[in-house]
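Work through the exercises below with the sequence and the model at hand. Each task is followed by a solution in steps.

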Amino acid sequence: MSVVNSEVEHSNRRKSGKIEDFERQPVPQHLRKHWLSMAFVWIAIGIDLSAMFLGAELGAGMNLSSSLTATFIGSLILGLIGALCAYVGAKTGLSTAMISRFLFGNNGARIVSVALGISSLGWFGVQTGFFASNMQTALQDLWGINLSLGILSFIGGALMMSTAIWGYRSIEKLSVWSVPLLVIFILIALFVAFSIKGTSAIWEPISVTPLPMGTAISLVIGIFMLGTVLSPDIARWARTPKHAIYAAFVGFFVGNSFMTVIAIFLSRVMDSSDLTGIFLTIGLGLPAIIVLTLAQWTTNTNNLYSASLGFSVVFSRIPKYVITIVAGLLATLLAVFGIYDRFLTFLTFITMLISPVGGIYTAEYLLINKSKFTFDGLDHNKNWVVRSLIVWAVSSFFAYMTTSAPDGLGLFQLTQVPALDGFIFAFIVQWLVAKVVSSKG
């Protein structure tokens, strides 16, 4: 479909009242957004309970300076990778799944899009499970209401589906007004905790074997690595490539580090990894409900949004809102069956599988052949691009080899960060394979 035809389709769909999110075409230039509003979206994604869980793990397994160092180094790497991936999204105006068609071919992209979609749905299940478990505790302690995890998972999943159905512009509005409120309540909790418990606990040495710095950085990167690879889903709405770069770097660096740093301090002061429990302990019951709801809502709606964009490439004849509803219901069932109990294993697995995708499309665009990344070019696209599929498989296995047992083989280390290993390896190999293929051609 040409750009002209896509504009005509956009006009027709707008007149008919259909939800328009440009899931299979470039975002028109006149609808592109300022970098600050996009940064709010990424910051909102980073403020969630999984970041609290990670911060508590770092706080318990490292001294204060080491845990903060790991957080900031990991977040800096995420900001740089996110900016690189966002640049491609802004230049093409297309989602990650649509960009994969240039890399893997029309049929090959379906395989990649399924992997991306399943990964995002897995995250949706994880976050919905966290939401249900913590909301159950909060309701019971505050008002004596005892609802099952299944009911709370369904309520949370439905809430988080609501904005994903309407697309990016709905997610943007949610993020812009929720981020300031979240930051205010979380900082109030930190201040009250310090007032009650003092600050001496944050400096106490740990009583367990220290978590290796490389492992800690890997966990920081892993918690948001999927987001960096999928950053074109948001960056395609950027007014210019510079806006995308600014938004991604600020969003990933601040969004990923803020909640983790707060969690490190709160968990050390209160000797707990339970954010909801901490809020209740210090007498902030209603703010706990608000923070819990908004933090998971802003994060999880984007997970479902990216999943629906991926599956929109696979099921090209089905409207995106239908895909979003069906995918959201399926992912909610994952929460009901307790996928969040295997959080770290799941996190490690998806990092190994997804991180190479970002390395492949950034290498292809920046170093190999950016001219083919045009929407009109998809009309003449190949069905399979074998070299990219092979690089993806090999790079994922490479990340698996550098991941410590039992989640990986642990044969050797490159950067001590398996997620970064997969991205870098894919970036280099994609470039080298393309040069070899072109020289023989």
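**Exercise 1. A nonpolar patch**

In which helix does Leu329 lie? Determine also how exposed Leu329 is and which surface patch it belongs to.

Solution. The model is a predicted one.
- Step 1: Leu329 is part of helix 13, which runs over residues 320-336.
- Step 2: The relative accessible area of Leu329 is 40%. Buried requires a value under 20% and exposed a value over 50%, so Leu329 is classed as partly exposed.
- Step 3: Leu329 joins Ile151, Phe154, Ile155, Tyr321 and Ile325 in a nonpolar surface patch of about 550 Å².
- Step 4: Two helices, helix 6 (149-166) and helix 13, each contribute at least two residues to this patch.

**Exercise 2. The length and cover of helix 2**

Check the span of helix 2 against the expected value, then state how many of its residues are buried.

Solution.
- Step 1: Helix 2 covers residues 35-46 and has 12 residues.
- Step 2: The expected span is 1.5 Å times one less than the number of residues, which gives 16 Å for helix 2.
- Step 3: The C-alpha atoms at the two ends of helix 2 are 17 Å apart, in agreement with that expectation.
- Step 4: Of the 12 residues, 9 are buried, and helix 2 is therefore mostly covered. Among them are Met38, Val41, Trp42, Ile43 and Ile45.

**Exercise 3. The loop between helix 1 and helix 2**

Find what is notable about the phi angle of Phe22, and decide whether Phe22 is buried or exposed.

Solution.
- Step 1: Phe22 sits in the loop that joins helix 1 (3-16) to helix 2 (35-46).
- Step 2: Its phi is near 55°, a positive value in a residue that is not glycine. Most residues other than glycine have a negative phi.
- Step 3: The relative accessibility of Phe22 is 1%, so Phe22 counts as buried.

**Exercise 4. Salt bridges of the same loop**

The structure has 6 salt bridges. Which residues are joined with Asp21 into one network? Trace also the salt bridge of Lys33.

Solution.
- Step 1: Arg236 and Asp21 form a salt bridge, with 3.4 Å between the closest N and O atoms. This pair connects distant parts of the chain, 215 residues apart: Arg236 is in the loop between helix 9 (232-235) and helix 10, Asp21 in the loop between helix 1 and helix 2.
- Step 2: Asp21 also forms a salt bridge with Lys320, where the closest N and O atoms are 3.7 Å apart. Lys320 belongs to helix 13, so this pair ties together parts 299 residues apart in sequence.
- Step 3: Relative accessibility is 0% for Arg236, 1% for Asp21 and 4% for Lys320. Arg236 is buried, Asp21 is buried and Lys320 is buried.
- Step 4: Lys33 forms a salt bridge with Glu172, the closest N and O atoms being 3.5 Å apart. Lys33 lies in the loop between helix 1 and helix 2 and Glu172 in helix 7 (residues 168-197), so parts 139 residues apart in sequence are tied together. Both Lys33 and Glu172 are buried.
- Step 5: Shared partners join Asp21, Arg236 and Lys320 into one network.

**Exercise 5. Aromatic pairs**

Classify the ring pairs Phe311 with Phe315 and Phe397 with Tyr400.

Solution.
- Step 1: A search of the whole structure gives 16 aromatic pairs.
- Step 2: For Phe311 and Phe315 the centres are 6.4 Å apart and the planes at 40°, a tilted pair. Phe311 is buried at 10% relative accessible area, whereas Phe315 is partly exposed at 43%.
- Step 3: For Phe397 and Tyr400 the centres are 6.1 Å apart and the planes at 40°, so this pair is tilted.
- Step 4: Phe397 and Tyr400 are 3 residues apart in helix 15 (residues 386-402), about one turn of the helix. Residues three or four places apart in an α-helix point the same way, because there are 3.6 residues a turn.
- Step 5: Phe397 is partly exposed at 44% relative accessible area, and Tyr400 is partly exposed at 30%.

**Exercise 6. A serine in helix 10**

Which backbone oxygens does the side chain of Ser267 reach?

Solution.
- Step 1: Ser267 is in helix 10 (residues 241-270) and is buried, with 8% relative accessible area.
- Step 2: Its side chain reaches the backbone oxygen of Ala263 at 2.7 Å and that of Ile264 at 3.1 Å.

Note on methods:
Residues are numbered from 1 along each chain as its sequence is written. This is a predicted model: local features need pLDDT of at least 70, side-chain atom pairs count only at pLDDT 80 or more; totals for chains, interfaces and linings use all residues. Side-chain values use heavy atoms; hydrogens and water are left out. Helices (H or I, at least four residues) and strands (E, at least two) are DSSP runs, numbered from the N terminus. Buried means under 20% relative accessible area, exposed over 50%, partly exposed in between (1.4 Å probe, protein chains only). Patches are made of residues with over 30% relative accessible area and no salt bridge: like charges are joined within 9 Å, nonpolar side chains (Val, Leu, Ile, Met, Phe, Trp, Tyr) within 5 Å. Accessible areas come from the Shrake-Rupley method with a 1.4 Å probe; for residues, only the protein chains shown count as cover. A salt bridge is a side-chain nitrogen of Lys or Arg within 4 Å of a carboxyl oxygen of Asp or Glu. Rings of Phe, Tyr and Trp (its six-membered ring) pair if their centres lie within 6.5 Å; planes under 30 degrees apart count as stacked, over 60 as edge-to-face and the rest as tilted. A polar contact is a pair of N or O atoms within 3.5 Å; within protein, one must be able to donate a hydrogen and the other to accept it, and residues adjacent in sequence count only if both atoms are side-chain atoms.
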